[in-house]
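Colleague: Before I trust the labels on this one, I'd like to hear the reasoning behind them. Can you put it up and walk me through?

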Amino acid sequence: MPDDVQGWLTPRAVAAEAGVSQEFDLSQCVREPIHLLGGVQSYGALIAARWDDAVVDTVSRNAAEVLGRAAGELLGRPVTELIGDEQWALARESAEAVTDSGAAAPQEGPASSGVLPLTLDGEDDEGQGGSRLFDVTVHRNGDLLVLEFEPRSEGGPFVFQNFYPRVRRALQKLQGATDVTECCAAAVREIRTLTGYDRVVAYRFDGRDGPGQVIAEDRSEGREPWLDLWFPASDIPPQARRLYARNWIRVIGDVDDRTAGLVPERRADTGEPLDLSASVLRTVSGYHLEYLRNIGVASSMSVSLLHEGELWGLIACHGDEPRRLSPEVRAACEFFGIALSLQLAAVAGREEADELARNRRALATLLARLTTWAPDALMRPGSGLAELLDADGAVLLRGTETLTAGAPLPDALSGLLARLARDGSVGEVWSSDRLPEVLGLEPEEAEAEGIPAGLLLLPFNRDGDLLAWWRREQPAPREWAADPSRPVRTGPGGERLTPRGSAAVYWATVRGRSEPWSPAQRVVAGELWREVSGLLTRQVVALEARNTELARTNEDLDSFAHAAAHDLKEPLRGISNAAAFIVEDAGTVLDTTSLRRLTTVRRLAERMDGLLDSLLHFSRLGQVGLEREALSVDEVLDDALVVAGGRLAEQGVTLVRPAALPRLRADRERLREVLENLLVNAAKYAADEGAGERRVWVEAVRTAVPGQAREEGGGAGADGGTVTALVVRDNGIGIPAGQQADVLQLFRRLHRRDERGGGSGVGLAVVKRIVERHGGRLWLESPAAAPDADCGGGPGTAVWFTLEEPPEARP
């Protein structure tokens with residue numbers, strides 16, 4: 001089976017095909033070239049003559065019965081021998097009037113044809129001389145002019161003045177309709193009045209290749225109702241839909257008609273039968289004739305309903321007896337189909353305009369709440385973002401942020417959204433009300449994976465940033481005129497297609513779909529995207545300007561701190577020296593209070609000198625470049641122990657290294673300084689005596705950066721994934737949660753300066769700055785359980801920090 005056929009058939013249809021007792025292959029119906037069936041309905045005759053020289057190229061075999069000249073006599077001879085030069089010229093003019101500049105190739109879209117009366121000389125049935133009148137439909141087909149002859153029906157010539165009032169009255173009723181259903185109800189009543197068929201229904205398709213539903217009906221007494229019934233998509237295969245889109249009207253006069261074949265059967269230039277796509281007499285597929293017989297139809301007419309060039313639906317007419325329609329009646333029905341299509345488009349446009357106006361008012365209310373920080377305003381409770389499109393939820397993906405509104409975002413949707421955004425076009429709306437089908441999933445699979453049925457998204461860029469809305473599945477119960485899981489079965493008398501009708505209604509629920517996204521909703525989504533995109537663009541520009549200004553300010557502050565600290569040290573040294581000289585020179589004459597005060601001045605000056613040294617060192621960290629290299633953290637830790645090891649020994653703290661430390665990319669001296677500060681701090685804040693063995697652990701752990709670190713901005717692990725972090729953990733006195741942020745600030749200590757070994761309160765601030773200069777993050781955890789439950793001690797503190805891993809060290 002060809003891929004295009006297999007792709008159109010549903011798995012259930014293929015399975016149903018296998019259960020047919022007469023080995024009926026549904027794909028044969030789908031593949032059948034119904035425009036190349038090589039015949040016409042026998043009540044009329046066809047002649048195709050070359051455009052340039054009028055020589056007959058193809059003729060129907062029933063030419064003798066209809067035209068009085070055998071096909072063999074006409075083939076290869078000028079058609080003017082039959083209709084005369086003047087009528088040939090009229091036929092050419094008629095064809096030229098309805099084609100684009102006399103184009104030599106069949107046109108896409110609705111086919112064009114003209115109708116004119118022609119007279120043929122000949123003998124009547126009693127052998128008497130006379131002329132016969134024909135209605136001839138003409139159309140251009142490549143290098144051929146196709147003429148289709150229909151004997152003029154009895155009842156006299158067509159009088160437009162008598163026919164026009166009926167058409168005008170019907171159109172007036174149509175124009176008074178206010179919605180699609182009312183339009184179609186008016187249309188089926190009027191077309192049945194015009195044509196006299198026994199049943200006329202309006203049939204609307206569910207999507208381009210989907211099933212159809214009867215939304216309006218007018219029928220004779222005794223016929224079973226079809227209103228609201230659904231018909232399987234296989235009832236009208238794709239090639240039939242394409243022809244319906246090209247021809248406004250299709251008439252079958254008699255389902256038992258014997259087809260009149262064409263001579264020759266295949267054209268010499270193409271090797272195929274004459275293309276009858278635009279033919280009004282085109283014969284009918286045997287599959288379709290069996291279908292019509294099974295539903296008790298002897299004659300039929302279909303009027304196409306188009307919307308924006310696509311087949312929207314059909315007006316289907318069924319007769320209990322054979323019925324021929326004159327070209328004038330067909331023209332009126334075709335005109336009515338065009339008018340109905342325009343009216344349906346107008347009604348849909350009016351409904352869409354009303355919906356768009358409502359949605360734009362809601363959008364204006366939503367935009368009024370927006371600030372320069374659009375994501376926060378869009379996603380806060382009560383913003384109305386999800387409700388704007390009648391969605392269950394909305395999501396904004398921007399960088400590492402995932403902001404939601406409405407119902408929580410299904411877990412399975414996160415990765416899918418990013419992929420769809422990268423595949424889509426930036427700024428263009430992509431939507432589906434049957435997402436499981438798009439992904440090739442059964443509804444049950446999608447439900448198990450948590451994938452919603454409806455999705456509408458707009459990508460901001462190719463990096464996965466997007467704005468999207470989603471909808472849950474809305475199972476839709478439907479009444480079917482045939483079992484949708486088995487659309488093909490043997491019917492009475494051995495026919496291949498099962499009769500349709502309300503006498504055998506099947507109930508089935510359609511799954512895997514949400515409420516469809518309307519055109520107005522797509523428009524409003526695009527308008528919101530443009531507003532948000534503009535806000536975010538302005539925000540990025542403002543943020544870049546602010547960052548530039550902040551970088552300049554930080555540079556100025558670093559320079560100021562360095563200069564101030566450096567310049568203050570000289571007068572401070574003078575104050576300390578002066579106080580010392582006074583004590584030495586006048587110590588014997590000064591009272592005890594004065595000596596104590598001078599000693600305090602010296603001590604404060606020395607402390608101030610230490611603080612200025614710390615400030616100088618801190619400011620240099622922002623100015624001196626980093627010399628990054630791939631290095632062994634174990635080696636750097638050994639270097640740090642040269643300084644910090646003595647402090648650990650003094651406090652009786654044991655260093656524990658559970659496993660070898662990794663290789664990281666960092667500045668060796670700065671990383672050594674980080675480890676020195678953390679080890680010295682661990683020694684300072686070890687557990688009090690008698691609390692158990694004092695320990696400090698240094699190890700590397702794959703972990704996720706906590707949310708608090710992400711909120712501080714960017715850096716390694718800001719996407720919430722795992723990174724390699726170094727942790728220095730002790731079982732000391734711990735740091736209360738409310739003070740953890742304070743100890744990372746410059747000159748902040750938990751205790752008085754003369755407690756816990758003293759210090760200036762700069763160590764952790766220096767550590768934090770070095771880590772951030774490396775693009776990493778630092779955070780604290782306390783209380784933290786000691787790794788060795790038997791070691792005793794206090795609640796402990798764990799200081800975590802991340803650094804960049806060299807490529808060869810990454811998992």
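Modeller: Start with the contacts in the protein chain: among those between residues at least 6 apart in sequence, 70% join residues at least 24 apart. Keep in mind that this is a predicted model.

Colleague: What counts as a contact there, and how many helices and strands does the protein chain have?

Modeller: Heavy atoms within 4.5 Å make a contact. The protein chain has 22 helices and 27 strands, and 47% of its 811 residues are buried.

Colleague: Take Phe134, then. What makes it buried or exposed?

Modeller: Its relative accessible area is 2%, and buried means under 20%, so Phe134 is buried. Phe134 sits in strand 5, residues 129–141. Leaving aside residues up to four places away in sequence, Phe134 touches Val66, Leu67, Leu116, Pro117, Leu118, Leu120, Phe149, Glu150, Pro151 and Arg152.

Colleague: How far apart are Phe134 and Pro117, in sequence and in space?

Modeller: They are 17 residues apart in sequence and 5.7 Å apart C-alpha to C-alpha.

Colleague: On to the cysteines. How many disulfides does the structure hold, and how do you know?

Modeller: Zero. A disulfide needs two cysteine sulfur atoms within 2.5 Å. For Cys184, the nearest cysteine sulfur is that of Cys183, 6.6 Å away, and Cys184 is in no disulfide.

Colleague: And why is Cys333 not bonded to Cys317?

Modeller: The sulfur of Cys333 is 6.6 Å from that of Cys317, its closest cysteine sulfur, and the cut-off is 2.5 Å, so that is too far for a bond.

Colleague: Are Cys184 and Cys333 buried or exposed?

Modeller: Cys184 has a relative accessible area of 0%, and Cys333 is at 0% too. Buried means under 20%, so Cys184 and Cys333 both count as buried.

Colleague: Now the sheet around strand 14. What is the strand order, and which strands are the edges?

Modeller: The order is 15-14-18-17-16, five strands in an open sheet with antiparallel pairing. Strand 15 and strand 16 (430–432) are the edge strands, since each pairs on one side only. From one strand to the next, the twist averages 10°.

Colleague: How do you know that strand 14 really pairs with strand 15 and with strand 18?

Modeller: By the bridges: two strands pair if there are at least two between them. Strand 14 has six bridges to strand 15 (residues 401–406) and five to strand 18 (residues 466–471), so both pairs qualify. Leu397 has a partner on each side: Thr402 stands opposite in strand 15, and Leu466 is the bridge partner in strand 18.

Colleague: What links strand 14 to strand 15?

Modeller: A hairpin with two residues between the strands; Gly399 in the turn has a positive phi of about 65°.

Colleague: What makes you call strand 14 mostly covered?

Modeller: Six of its six residues, 393–398, are buried. Gly393, Val395 and Leu397 point one way, while Ala394, Leu396 and Arg398 point the other, and all are buried.

Colleague: What about strand 17, and which helix packs on the sheet?

Modeller: Strand 17, residues 454–459, joins strand 18 through six bridges in the antiparallel sense, and Leu456 stands opposite Trp469 there. Helix 14 (residues 411–423) packs on the sheet, touching strand 14, strand 16, strand 17 and strand 18, and its direction makes about 50° with that of strand 17.

Colleague: Last one, the helices. How does helix 20 pack against helix 19 and helix 22?

Modeller: With helix 19 (residues 633–650), helix 20 (residues 668–684) makes an angle of about 40°, the axes 8 Å apart. That crossing is right-handed. With helix 22 (residues 763–773), the angle is about 145° and the axes are 9 Å apart; this crossing is left-handed.

Colleague: What classes of residue make up the contact of helix 20 with helix 22?

Modeller: Six nonpolar, three polar and two charged. The helix 20 residues are Arg670, Glu673, Val674, Asn677, Leu678 and Asn681, meeting Gly763, Leu764, Val766, Val767 and Ile770 in helix 22. Gly763 goes in the polar class, because Gly is counted there.

Definitions and conventions:
Residues numbered from 1 in each chain as written. Predicted model: local features only at pLDDT ≥ 70, side-chain atom pairs only at ≥ 80, totals over all residues. Heavy atoms only, no water. Buried < 20%, exposed > 50% of the residue type's maximum accessible area, 1.4 Å probe, protein only. Axes fitted to C-alpha atoms, helices over the stretch in contact; angles between N-to-C directions. Helix = DSSP H or I, 4+ residues; strand = E, 2+ residues; numbered from the N terminus. Left-handed = near helix turned anticlockwise from the far one by under 90°.
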